[in-house]
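Colleague: I would like to go through this model with you. Could you take my questions in turn?

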Amino acid sequence: MDPIHQFEIKKLFPIARIGGMEIAFTNSALFMLIGLLLILLLMLGATSSRALVPGRLQSVAEISYEFVATTLRSTAGTEGMKFFPLVFSLFMFILVLNVIGIIPYTFTVTSHIIITVSLALLVFFTVIIYGFWKNGLRFFKLFVPSGIPIYILPLVTFIEVLSFLSRPVSHSVRLFANMLAGHITLKVFGGFVTMLGAFGFLGWLGAVLPLGLTVALTALELLVAFLQAYVFAILTCIYLNDAIHPGH
Amino acid sequence: MDPQAAKMIGAGIACIGMGGAGVGVGTIFGHYLAAALRNPSAAQGQFGNLIFGFAVTEALGIFSLLIALLLLFAL
């Protein structure tokens, strides 16, 4: 089995044709819609009853709200809370899509770089536009740390600008590469099971080992799926903090 | 040398850089754990810093992975 095969984007039905480009409803779009629907159902179901003592569903929603809100407040301050809808949407979207991707026969939307780059550029331009809108030219203080001797300041400024520009690259490739590598590893170990299983009874005995490893790797992938969503959210918070409070 | 073979070798060499990121990430988590065992009550408050340091360190490894992926699939 080809381990890359699972990332193939399939056309489900065409929507429109503009010039030479074909716009179609793909399996990627389908799983994005499923993820969106799950988040909507969770949030609507959790807030419909609104008990003082929360039930299970309401607890899930409250815990995720508090989790993101604490992260945002501790990194970007209370002023950052106006960006809570953005950060919460990003976190839930990535988390749900990552977790859906672990289920066999599904499609991992976040394992495509076009999706993660779009999300990272959204954050990047939000930071730039909000930073200039709120601070004006003082936003450039972000690149000039205070308390640096004047003779190494040009070098430090150059490095700061370079690291600022490379943010969307690392922000997007981190999520994409983690998802891609994890799912390829899972598929390779799954392939070992079927290969060994083809040898008959002794092969089945040998296949127990990679099967156990596949189970363990799936558990690890669950951790990675959560961790990467969290890393994406906390980096968004830190970048937004730069826009709200420029200058070191 | 065949350019395709040179690309493959280059991608392999580029992945060596990820070893450095592995050392860095290990250092970060190791030091966090050592500090957390000395003062467990302060550990929770530093979790955000831990993840931030991990992300920044991992970014450098990701750049070398990016070079490898570019060599294999894009260039």
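What follows is a set of questions and answers on this predicted model.

Colleague: What pattern does chain A follow, read along the sequence?

Modeller: The secondary structure of chain A comes to seven helices and two strands. Read along the sequence, the order is β-β-α-α-α-α-α-α-α.

Colleague: What share of the 248 residues in chain A is buried?

Modeller: The C-alpha atoms of chain A fill a box of roughly 75 × 55 × 45 Å along the principal axes. Among contacts between residues at least 6 apart in sequence, 64% join residues at least 24 apart. Buried residues account for 27% of the chain.

Colleague: Which helix gives the largest share of the largest nonpolar core?

Modeller: The largest nonpolar core has 45 residues, and Phe91(A), Ile94(A) and Ala233(A) have the most contacts inside it. Helices 2, 3, 4, 6 and 7 of chain A and helix 4 of chain B each supply at least two residues of this core. The largest share, 13 residues, comes from helix 7 of chain A.

Colleague: Which residues does Phe91(A) touch, leaving out those up to four places away in sequence?

Modeller: Phe91(A) is among the residues with the most contacts inside the largest nonpolar core, as is Ala233(A). Phe91(A) is also one of the helix 3 residues that meet helix 7 in chain A. Beyond four places in sequence, Phe91(A) touches Val68(A), Ala229(A) and Ala233(A).

Colleague: Are helix 3 and helix 7 of chain A roughly parallel or roughly antiparallel to each other?

Modeller: Their axes come within 9 Å and cross at roughly 165 degrees, and the crossing is right-handed. An angle over 145 degrees counts as roughly antiparallel. Helix 3 and helix 7 of chain A are therefore roughly antiparallel.

Colleague: How do the residues of the contact of helix 3 with helix 7 of chain A divide by class?

Modeller: On the helix 3 side the residues include Val87(A), Leu90(A), Ile94(A) and Asn98(A). On the helix 7 side they include Glu221(A), Leu222(A), Phe226(A) and Gln228(A). The division is 14 nonpolar, four polar and one charged.

Colleague: Is Asn98(A) buried or exposed?

Modeller: Asn98(A) is in helix 3 of chain A. Not counting residues up to four places away, Asn98(A) touches Thr110(A), Met179(A), Ala225(A), Gln228(A) and Ala229(A). The cut-off for a buried residue is 20 or more other C-beta atoms within 10 Å. Because Asn98(A) has 27 such neighbours, Asn98(A) counts as buried.

Colleague: Where does Tyr105(A) lie, and is it buried or exposed?

Modeller: Tyr105(A) has a phi near 70 degrees, a positive value in a residue other than glycine. Most residues other than glycine have a negative phi. Tyr105(A) lies in the loop between helix 3 and helix 4 of chain A. With 5 C-beta neighbours inside 10 Å, Tyr105(A) counts as exposed.

Colleague: How far apart are the C-alpha atoms of Val117(A) and His171(A)?

Modeller: Val117(A) is found in helix 4 of chain A. With 18 other C-beta atoms within 10 Å, Val117(A) is partly exposed. Val117(A) and His171(A) are 54 residues apart along the chain, and their C-alpha atoms are separated by 8.1 Å.

Colleague: How many residues of chain A are in contact with chain B?

Modeller: On the chain B side, nine residues take part. By class, these are seven nonpolar, one polar and one charged. The number on the chain A side is 12.

Colleague: How is helix 6 of chain A set against helix 4 of chain B, roughly parallel or roughly perpendicular?

Modeller: The two axes come within 9 Å and cross at roughly 75 degrees. Angles of 65 to 115 degrees count as roughly perpendicular. The crossing angle therefore makes helix 6 of chain A and helix 4 of chain B roughly perpendicular.

Colleague: Which residues of helix 6 of chain A make that contact?

Modeller: The residues of the contact divide into seven nonpolar, one polar and two charged. Helix 4 of chain B brings Ala55(B), Glu58(B), Ala59(B), Ile62(B), Leu65(B) and Leu66(B). Helix 6 of chain A brings Ser170(A), Val173(A), Arg174(A) and Ala177(A).

Methods
Residues are numbered from 1 along each chain as its sequence is written. Chains are lettered from A and ligands numbered from 1 in the order in which they are written. This is a predicted model: local features need pLDDT of at least 70, side-chain atom pairs count only at pLDDT 80 or more; totals for chains, interfaces and linings use all residues. Two residues are in contact if their C-beta atoms, placed from the backbone, lie within 7 Å. Ala, Val, Leu, Ile, Met, Phe, Trp, Tyr, Cys and Pro count as nonpolar, Asp, Glu, Lys and Arg as charged, and the others, Gly among them, as polar. A nonpolar core is a set of buried Ala, Val, Leu, Ile, Met, Phe, Trp, Tyr and Cys residues joined through C-beta atoms within 7 Å. A residue is buried if 20 or more other C-beta atoms lie within 10 Å of its own, exposed if 12 or fewer, and partly exposed in between; C-beta atoms are placed from the backbone. Helices (H or I, at least four residues) and strands (E, at least two) are DSSP runs, numbered from the N terminus. Axes are lines fitted to C-alpha atoms, for helices over the stretch in contact, and angles run from 0 to 180 degrees between N-to-C directions. Angles under 35 degrees count as roughly parallel, over 145 as roughly antiparallel, 65 to 115 as roughly perpendicular and the rest as oblique. A crossing is left-handed if the near helix is turned anticlockwise from the far one by less than a right angle, and right-handed if clockwise.
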